[in-house]
Amino acid sequence: MTTTNLQKKKLKQEQPSNRSRIQKMKDNLFKEKRQISLERALLYTESYQKTEGEPTIIRRAKAVAHILDHVEISIREEELLVGNRTVRPRSGIVSPEMDPYWILQEIDTIATRPQDQFVFTEADKKIYRDTLYPYWEGRSMKDFINQQLTEEVQTALKDEVFKLNQTDKGQGHIIMDFPSILQRGLGAYLRLLEQNIQEQPENHFFQAGYLIFSGMQNHFLRYAELAEAMAVQEKRSARQKELQNIAAMCRKLSSEKPDSFYEALQLLWMTSIVGQYESNASSLSLGRMDNYLFPFYQRSLADGVSQDFLSEVLGDFYVKTNDVVLLRSESSAKCFAGFPTGYTVVLGGLNELGHSAVNELSYVMLSLYHEILLPQPNLSVRMNELIPRRFLLKTCETIRLGTGIPQLFNDEVCIPAFLSKGVSLDDAREYATVGCVETSIPGKTYGLHDIALFNLLRIMEISMYRLRDNENVTYEKLMQEIKHKIDYYVALVVEGSNIVDLGHRHYAPTPFLSVLIDDCIKNGKDVTEGGARYNFSGVQGIGEANLSDSMYVIKKMVFENQELSFAELVDAMEADFEGDYQELQRHVIQDFEKFGNDDDEIDHIAALLFRHYAKELEKYTNVRGGQFIAGAYTVSAHIPLGEAVGATPDGRKAKEQLADGGLSPMVGRDHLGPTAVLKSVSKLDNYLTVNGSLLNLKFQPNTLKGQQGLNKFADFLMAFTKLKIQHVQFNVQSKETLLDAQKHPEKYSGLLVRVAGYSAFFVDLNRQIQDDIIARVEHVL
């Protein structure tokens with residue numbers, strides 16, 4: 001199918017910008033309560049019932065194509081870009097093929113649970129109970145995983161030493177090769193797949209990929225037909241012309257590559273939506289948008305398209321990323337509170353020559369966010385010593401808005417870290433972020449970046465109780481016991497993670513996504529089979545700050561000062577510092593230094609134990625032939641993981657939260673200022689956190705006031721860069737504002753805060769997470 005010259009000319013004649021369009025689109029997103037949608041599940045099930053006995057990857061592909069051909073579509077008022085998972089905005093999509101059980105168990109509580117509520121209509125409840133659940137019971141990925149988990153792994157899970165993720169939904173946490181599909185177009189991929197099918201007719205991967213890419217082509221044509229029909233009915237000439245342009249654009253993109261910035265954004269968004277239909281997964285992230293979209297941006301400007309229109313289309317794209325919200329179980333919502341969808345975008349960084357990659361579009365994308373002020377896209381800026389001062393100041397201005405966006409990643413750490421894992425220099429320079437803070441190589445990596453959370457503080461607690469009655473216990477013996485337990489549980493978390501990995505291989509392959517990952521076509525394999533160039537599995541070590549604080553108290557108070565015996569300290573922990581132990585709790589909190597205050601002895605403990613954990617994890621290989629790698633971030637799991645741990649020597653009471661973030665100090669304990677926090681974190685071996693780390697800092701708004709405030713903050717960020725810390729992000733909201741938002745949520749519906757590696761609406765968060773953010777120390781420069 002070829003686009004005529006007349007059509008191409010019409011596509012360039014976009015309408016003048018009307019920036020009120022963006023505000024209307026934002027308003028429309030949040031008019032109605034979030035609701036459960038069964039549409040994908042019903043269509044998926046309908047297809048699966050017809051394909052019994054066929055290979056799983058073919059069944060999956062046919063199901064996705066069936067969805068693309070039959071899902072209800074709409075073009076919403078004011079939209080310039082089309083493609084929505086559901087007609088109703090921000091609907092929660094169920095995936096019973098992954099895990100039908102939690103949905104049934106929580107079907108009557110989803111609307112009222114503490115975090116991330118959805119309306120589940122009575123009619124849909126009946127459909128789920130009568131139609132969907134009976135089919136998927138005993139057939140789901142969850143069934144496979146539960147059957148494979150050994151007794152030892154199940155015991156560790158029950159003891160809450162670690163948590164396995166992605167057992168009830170698509171894996172995600174990946175960046176497709178967007179530059180290639182934008183440069184080549186949909187038709188080129190269909191021809192490539194057709195050629196491979198002819199050469200290897202027995203290869204089911206190529207057949208599956210072709211089925212979904214054909215479905216995507218049909219999906220574009222469905223939108224073209226809808227836009228044409230709507231244009232006929234439209235009375236407003238301006239909107240009629242927009243709909244005609246949309247129709248022509250969709251017909252073109254069904255077979256040809258994009259030429260303009262507008263077309264490139266449309267193909268980018270539709271590719272993302274098809275990926276969502278395929279896996280319904282979190283963190284199908286967007287990579288280095290300013291880098292791969294810049295040629296289209298330049299071309300459109302050269303063709304006479306106005307800057308205002310280009311910004312408006314980009315604003316449309318930004319708003320649409322907030323339409324995708326993820327439905328999680330109640331326990332999962334505690335760990336990932338506030339809908340961290342993972343539309344992460346990276347700006348800046350380095351190019352293939354090792355020079356700064358900042359361009360004009362980098363500035364535009366930051367500036368536009370000042371107008372959008374929504375949780376998605378989750379913008380990130382790559383820091384390095386070559387970053388232009390002007391772009392650094394624009395970054396500081398954006399952070400000063402107080403939404404927690406953008407977060408910062410350090411090229412001086414991330415690139416060498418990937419080199420240490422066998423990634424080529426060219427590929428390492430291309431790194432971007434997925435999900436919250438995980439680092440990945442776009443279009444080349446299947447990293448299972450969020451496969452498990454590993455509770456280091458729980459391991460210390462288990463070790464202490466085991467040695468409680470040992471009269472010969474020493475600090476060194478305790479340290480050795482903790483290391484031994486880390487080794488034991490690392491082996492189990494690896495075993496569990498590999499079972500989840502196999503679950504996705506056998507039940508949830510992703511052929512569409514895999515076609516857009518190097519070297520899956522060359523290898524003729526889905527990513528779940530090991531087709532990608534790089535194959536990692538990321539496990540997050542959590543509780544570093546609490547662990548080092550606790551070990552320091554034990555070392556000083558018990559073994560050096562001999563203020564009490566080891567057994568007496570465990571007794572105090574068991575008593576939760578109640579009764580006679582209340583003064584002891586005050587003593588350990590107030591009279592012993594804590595991580596985050598540039599104390600070499602404490603910081604050394606943190607570095608020593610995290611290094612042991614990371615190096616032990618690296619010894620293991622996943623089922624795709626890749627390496628396990630360590631991360632240090634919590635999302636919002638520092639609260640539920642804290643609930644699994646009793647009182648600890650740092651003064652924590654039983655079930656209280658752990659330190660937020662991953663590498664952040666325990667809340668309220670960093671009293672020597674933000675530079676001291678940086679110094680403490682810099683003493684960790686940050687090259688080991690290849691899978692991502694997270695440092696939260698909070699500043700008083702007045703600190704960044706005026707040009708002087710921006711310059712001081714910019715200098716602070718350069719200090720972060722030079723200290724070789726991987727990641728940092730900021731909340732710039734006063735305690736008074738947050739407390740008032742708790743009391744009067746109706747006045748603060750648009751208030752964004754940084755939770756972990758993502759931002760969320762403050763009033764959408766449960767009280768525990770709100771209190772955690774409020775309690776973080778407000779720093780000044």
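## Exercises on backbone geometry

Val635 is buried, its relative accessible area being 2%. The model used in these exercises is predicted.

**Exercise 1.** Find where Val635 lies and what value its phi takes.

Solution. Start with the chain around the residue: strand S14 (627-631) and helix H30 (638-643) are joined by a loop, and Val635 is found in that loop. Next take the backbone angle: phi of Val635 is near 50 degrees, a positive value in a residue other than glycine. Finally, check the burial: Val635 counts as buried because its relative accessible area of 2% falls under 20%.

**Exercise 2.** Decide whether Arg90 is buried or exposed, and locate it.

Solution. The relative accessible area of Arg90 is 7%. Buried means under 20%, so Arg90 is buried. Its place is the loop between helix H4 (56-70) and strand S2 (92-93). Phi of Arg90 is near 55 degrees, again positive in a residue other than glycine.

**Exercise 3.** For Pro377 and Pro406, state the peptide bond geometry and the loop that holds each residue.

Solution. Take Pro377 to begin with: the bond from Gln376 to Pro377 is cis, with omega near -5 degrees. Pro377 sits in the loop between helix H18 (360-372) and strand S7 (378-383). Then take Pro406: the bond from Ile405 to Pro406 is cis, with omega near 0 degrees. The loop holding Pro406 runs between helix H19 (389-400) and strand S8 (407-410).

**Exercise 4.** Describe the span that UniProt lists as "domain: PFL".

Solution. The unreviewed UniProt entry gives residues 20-653 for this domain. In the model, the span is 54% helix and 8% strand. Its end C-alpha atoms lie 50 Å apart.

Methods
Residues numbered from 1 in each chain as written. Predicted model: local features only at pLDDT ≥ 70, side-chain atom pairs only at ≥ 80, totals over all residues. Heavy atoms only, no water. UniProt positions renumbered as here; feature names shortened; annotations may be inferred. Helix = DSSP H or I, 4+ residues; strand = E, 2+ residues; numbered from the N terminus. Buried < 20%, exposed > 50% of the residue type's maximum accessible area, 1.4 Å probe, protein only.
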